[in-house]
Amino acid sequence: MATQLNDWLSVDKISGTGNVEITLTASSYEELVERTTSLKIQGISANAILNVRQNALVPIITLSTSKIESSFKGATYNVVVTSNVDWTLESDSNWYTISQNSGTKGNTTLIITMGENEGTDNKEGTVSFLFGDMVLATLSIVQEAWQPLPKADNRIYYTGDITINSHII
(Lines give C-alpha, C1' and ligand atoms only; values in the text may rest on other atoms or scores of the structure.)
Protein backbone atom coordinates (compact mmCIF):
# COMPACT_ATOMS: atom_id res chain seq x y z
CA MET A 1 0.00 0.00 0.00
CA ALA A 2 1.40 3.40 -0.99
CA THR A 3 1.44 6.39 1.31
CA GLN A 4 0.84 9.80 -0.22
CA LEU A 5 3.70 12.12 0.82
CA ASN A 6 2.25 15.24 -0.80
CA ASP A 7 -0.10 16.06 -3.67
CA TRP A 8 2.18 14.48 -6.32
CA LEU A 9 4.50 11.92 -4.66
CA SER A 10 3.83 8.65 -2.88
CA VAL A 11 6.06 5.99 -1.30
CA ASP A 12 5.38 2.24 -1.10
CA LYS A 13 6.82 1.75 2.44
CA ILE A 14 6.99 4.10 5.38
CA SER A 15 8.95 1.85 7.74
CA GLY A 16 11.25 -1.14 7.77
CA THR A 17 14.30 -2.71 9.37
CA GLY A 18 17.69 -3.46 7.90
CA ASN A 19 18.27 -2.58 4.26
CA VAL A 20 14.93 -1.55 2.81
CA GLU A 21 14.26 -0.56 -0.76
CA ILE A 22 11.52 1.99 -1.25
CA THR A 23 9.76 3.01 -4.43
CA LEU A 24 8.63 6.57 -4.99
CA THR A 25 5.85 7.20 -7.51
CA ALA A 26 5.26 10.65 -8.96
CA SER A 27 2.03 11.67 -10.64
CA SER A 28 2.03 12.88 -14.23
CA TYR A 29 3.33 16.42 -14.57
CA GLU A 30 2.77 18.70 -17.52
CA GLU A 31 4.02 22.07 -16.32
CA LEU A 32 6.97 24.07 -17.63
CA VAL A 33 8.70 24.44 -14.24
CA GLU A 34 10.26 21.49 -12.40
CA ARG A 35 8.91 20.60 -8.96
CA THR A 36 10.85 19.40 -5.95
CA THR A 37 10.29 18.02 -2.49
CA SER A 38 12.42 16.54 0.29
CA LEU A 39 11.94 13.37 2.31
CA LYS A 40 13.42 12.96 5.75
CA ILE A 41 14.56 9.40 6.41
CA GLN A 42 15.13 8.63 10.08
CA GLY A 43 17.26 5.77 11.26
CA ILE A 44 18.36 4.60 14.68
CA SER A 45 21.86 6.02 14.36
CA ALA A 46 21.55 8.42 11.41
CA ASN A 47 19.12 10.57 9.50
CA ALA A 48 19.15 11.51 5.84
CA ILE A 49 17.39 13.93 3.55
CA LEU A 50 16.37 12.64 0.12
CA ASN A 51 15.72 15.41 -2.40
CA VAL A 52 13.30 14.50 -5.18
CA ARG A 53 13.01 16.50 -8.40
CA GLN A 54 10.48 15.98 -11.17
CA ASN A 55 11.55 17.52 -14.45
CA ALA A 56 9.43 20.07 -16.24
CA LEU A 57 7.56 19.19 -19.39
CA VAL A 58 9.57 19.74 -22.55
CA PRO A 59 6.98 20.75 -25.16
CA ILE A 60 7.58 19.14 -28.55
CA ILE A 61 5.88 19.66 -31.90
CA THR A 62 7.08 17.79 -34.98
CA LEU A 63 5.79 18.03 -38.53
CA SER A 64 5.71 15.35 -41.23
CA THR A 65 7.43 17.90 -43.48
CA SER A 66 8.98 21.30 -42.90
CA LYS A 67 8.45 22.61 -46.46
CA ILE A 68 5.76 22.44 -49.11
CA GLU A 69 6.76 23.35 -52.65
CA SER A 70 3.94 23.64 -55.16
CA SER A 71 3.69 24.30 -58.86
CA PHE A 72 1.78 27.37 -60.01
CA LYS A 73 -1.28 25.16 -60.57
CA GLY A 74 -1.84 24.76 -56.80
CA ALA A 75 -2.85 21.63 -54.95
CA THR A 76 -3.91 20.19 -51.60
CA TYR A 77 -1.31 18.88 -49.14
CA ASN A 78 -1.55 16.97 -45.86
CA VAL A 79 0.80 17.75 -42.99
CA VAL A 80 0.75 15.61 -39.84
CA VAL A 81 1.43 17.49 -36.60
CA THR A 82 2.65 15.33 -33.70
CA SER A 83 2.77 17.02 -30.31
CA ASN A 84 2.86 16.36 -26.58
CA VAL A 85 1.03 19.65 -25.90
CA ASP A 86 -1.97 21.58 -27.19
CA TRP A 87 -0.91 24.06 -29.87
CA THR A 88 -2.04 26.93 -32.07
CA LEU A 89 -0.72 28.15 -35.39
CA GLU A 90 -0.08 31.53 -36.96
CA SER A 91 0.40 32.19 -40.65
CA ASP A 92 2.00 35.20 -42.28
CA SER A 93 0.08 34.77 -45.56
CA ASN A 94 -3.50 34.36 -46.75
CA TRP A 95 -3.04 32.89 -50.25
CA TYR A 96 -3.52 29.35 -48.92
CA THR A 97 -6.01 27.85 -46.48
CA ILE A 98 -5.35 25.58 -43.52
CA SER A 99 -8.08 23.25 -42.26
CA GLN A 100 -7.70 24.30 -38.60
CA ASN A 101 -5.70 26.76 -36.54
CA SER A 102 -5.16 24.72 -33.37
CA GLY A 103 -4.83 21.16 -32.14
CA THR A 104 -4.39 18.98 -29.10
CA LYS A 105 -1.60 16.67 -28.06
CA GLY A 106 -1.30 13.58 -30.22
CA ASN A 107 -1.47 13.48 -34.02
CA THR A 108 -3.43 15.98 -36.10
CA THR A 109 -3.61 16.03 -39.90
CA LEU A 110 -3.80 19.51 -41.40
CA ILE A 111 -5.07 20.02 -44.93
CA ILE A 112 -3.39 22.91 -46.73
CA THR A 113 -4.99 24.07 -49.98
CA MET A 114 -3.76 26.62 -52.49
CA GLY A 115 -5.26 27.77 -55.75
CA GLU A 116 -3.47 28.61 -58.95
CA ASN A 117 -0.81 31.31 -58.79
CA GLU A 118 -1.60 33.56 -61.75
CA GLY A 119 1.09 36.07 -60.81
CA THR A 120 4.59 36.38 -62.18
CA ASP A 121 6.24 36.11 -58.74
CA ASN A 122 6.70 33.09 -56.51
CA LYS A 123 4.54 33.11 -53.39
CA GLU A 124 6.09 32.32 -50.01
CA GLY A 125 4.57 31.87 -46.60
CA THR A 126 5.47 30.60 -43.15
CA VAL A 127 3.24 28.81 -40.67
CA SER A 128 4.41 28.89 -37.04
CA PHE A 129 3.27 26.26 -34.53
CA LEU A 130 3.08 27.62 -31.00
CA PHE A 131 2.75 26.38 -27.45
CA GLY A 132 1.72 29.52 -25.63
CA ASP A 133 4.02 32.15 -27.11
CA MET A 134 6.86 29.72 -27.90
CA VAL A 135 7.35 28.78 -31.56
CA LEU A 136 8.16 25.06 -31.57
CA ALA A 137 7.99 24.30 -35.31
CA THR A 138 7.65 26.11 -38.63
CA LEU A 139 6.33 25.10 -42.03
CA SER A 140 7.56 26.90 -45.14
CA ILE A 141 5.16 27.09 -48.09
CA VAL A 142 6.39 28.08 -51.56
CA GLN A 143 4.38 28.24 -54.76
CA GLU A 144 6.11 28.95 -58.04
CA ALA A 145 5.02 31.78 -60.32
CA TRP A 146 2.78 31.22 -63.30
CA GLN A 147 4.72 29.74 -66.19
CA PRO A 148 3.51 30.25 -69.76
CA LEU A 149 3.61 27.07 -71.77
CA PRO A 150 5.45 27.09 -75.12
CA LYS A 151 3.40 25.90 -78.06
CA ALA A 152 4.66 23.64 -80.84
CA ASP A 153 5.60 26.64 -82.99
CA ASN A 154 7.88 27.91 -80.17
CA ARG A 155 5.75 30.98 -79.54
CA ILE A 156 4.53 31.67 -76.04
CA TYR A 157 0.82 32.20 -75.59
CA TYR A 158 -0.68 34.10 -72.70
CA THR A 159 -4.21 33.36 -71.48
CA GLY A 160 -4.78 36.46 -69.31
CA ASP A 161 -6.10 39.91 -70.15
CA ILE A 162 -4.11 42.06 -72.56
CA THR A 163 -4.69 45.76 -73.15
CA ILE A 164 -3.53 47.26 -76.45
CA ASN A 165 -3.33 51.03 -76.76
CA SER A 166 -2.95 52.47 -80.23
CA HIS A 167 -3.07 55.89 -81.76
CA ILE A 168 -4.39 56.25 -85.28
CA ILE A 169 -3.21 59.29 -87.19
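Begin by selecting I98 together with L89, L110, I111, I112 and V127: I98 touches each of these five, residues up to four places away in sequence being left out of the count. The model on the screen is a predicted one.

**First stop: I98**

Keep I98 selected and display the strand around it. I98 belongs to strand β10, which covers residues 96-98. Is I98 buried, partly exposed or exposed? Its relative accessible area is 22%, and I98 is therefore partly exposed, since the term buried is kept for values under 20%. Next, add T113 to the selection. I98 and T113 are 15 residues apart in sequence, and their C-alpha atoms are 6.6 Å apart in space.

**Second stop: S128**

Now select S128, which is found in strand β13, residues 123-131. Its relative accessible area of 16% makes S128 a buried residue, because that value is under the 20% cut-off. Which residues does S128 contact, once its neighbours within four places in sequence are set aside? They are T88, L89, E90, V135, A137 and T138. L89 may already be highlighted, as it is also among the residues touched by I98.

**Third stop: I41 and a surface patch**

Move to strand β4, residues 35-42, where I41 is located. With a relative accessible area of 40%, I41 is partly exposed. Select V20, I22 and L50 as well, and show the surface: with I41 they make a nonpolar patch of about 270 Å².

**Fourth stop: the largest pocket**

Leave I22 and I41 selected and turn to the largest pocket, which holds about 490 Å³ of space. Its lining consists of 17 residues, and those closest to the centre of the pocket are I14, S15, I22, I41 and Q42. Which element supplies the largest share of this lining? Strand β4 does, with 4 residues.

**Final stop: the whole chain**

Finally, clear the selection and colour the chain by secondary structure. The chain has 14 strands and 0 helices. Its 169 residues include 27% that count as buried; S128 is one of the buried residues. Among contacts with a separation of 6 or more, 52% join residues 24 or more positions apart. With the surface displayed once more, the chain exposes about 12,000 Å², of which carbon and sulfur atoms supply 49%.

Key
Residues numbered from 1 in each chain as written. Predicted model: local features only at pLDDT ≥ 70, side-chain atom pairs only at ≥ 80, totals over all residues. Heavy atoms only, no water. Patch = residues over 30% accessible without salt bridge, like charges linked within 9 Å, V, L, I, M, F, W, Y side chains within 5 Å. Areas by Shrake-Rupley, 256 points an atom, 1.4 Å probe, with all protein chains shown as cover. Salt bridge = Lys/Arg side-chain N within 4 Å of Asp/Glu carboxyl O. Helix = DSSP H or I, 4+ residues; strand = E, 2+ residues; numbered from the N terminus. Buried < 20%, exposed > 50% of the residue type's maximum accessible area, 1.4 Å probe, protein only. Contact = heavy atoms within 4.5 Å. 1 Å grid on protein atoms, 1.4 Å probe; cavity = no way out; pocket = protein on both sides within 12 Å on 5 of 7 lines; lining within 4 Å. Points joined across faces, edges and corners; volume = space filled by probe spheres on them.
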